[in-house]
Amino acid sequence: MNLLLIIIAFIGIALLDLPDMIKNKRWRDLAIYSVIFLLVFVLGTLMAFDVKIPSPIKAIQAFYQNVLHLSFKAS
């Protein structure tokens, strides 16, 4: 049921956004929009199937602690 709602929502969003981009021949915007749209659709679909998606916060924390050598102390 959740997947059906996600598909209906994404079709609605696409029907609202895409015709204007195509009509005005904004191909670069359409390409960027399509990549982000598909990424969010895949994430939404995975969440509908209860797939655990790792938080990007862990990778960001590892980056600034190990690469940038920054740390923050809780006060």
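This is a guided tour of a predicted model, with selections to make in the viewer and a note on what each one shows.

Residues are numbered from 1 along each chain as its sequence is written, and side-chain values use heavy atoms, with hydrogens and water left out. In this predicted model, local features need pLDDT of at least 70 and side-chain atom pairs count only at pLDDT 80 or more, while totals for chains, interfaces and linings use all residues.

**Whole chain**

Select the protein chain as a cartoon. It shows three helices and zero strands, in the order α-α-α along the sequence; helices (H or I, at least four residues) and strands (E, at least two) are DSSP runs, numbered from the N terminus. The radius of gyration is 18 Å, well over the 11 Å that the globule rule gives for 75 residues, so the chain is more spread out than a compact globule. That radius is taken over C-alpha atoms, and the globule rule is 2.2 Å times the number of residues to the power 0.38. Switch to the C-alpha trace: along its principal axes it spans about 50 × 35 × 20 Å.

**Surface**

Turn on the surface of the protein chain. About 6,600 Å² is exposed, and carbon and sulfur atoms supply 71% of it; accessible areas come from the Shrake-Rupley method with a 1.4 Å probe, and for residues only the protein chains shown count as cover. Of the 75 residues, 12% count as buried (buried is under 20% relative accessible area, exposed over 50%, partly exposed in between; 1.4 Å probe, protein chains only).

**Salt bridges**

Select Asp-20, Arg-26 and Asp-29, which are linked in a network of salt bridges (a side-chain nitrogen of Lys or Arg within 4 Å of a carboxyl oxygen of Asp or Glu). The structure holds two salt bridges. For Asp-20 with Arg-26, the closest N and O atoms are 3.4 Å apart; for Asp-29 with Arg-26, they are 3.1 Å apart. Relative accessibility is 38% for Asp-20, 33% for Arg-26 and 40% for Asp-29.

**Nonpolar patch**

Next, select Ile-32, Ile-36, Leu-39, Val-40, Val-42, Leu-43, Leu-46, Met-47, Phe-49, Val-51 and Ile-53. Together they form a nonpolar patch on the surface with about 980 Å² of accessible area. Patches are made of residues with over 30% relative accessible area and no salt bridge; like charges are joined within 9 Å, nonpolar side chains (Val, Leu, Ile, Met, Phe, Trp, Tyr) within 5 Å.

End on Val-51, in the loop between helix H2 (27–48) and helix H3 (56–67). Val-51 is partly exposed, at 38% relative accessible area.
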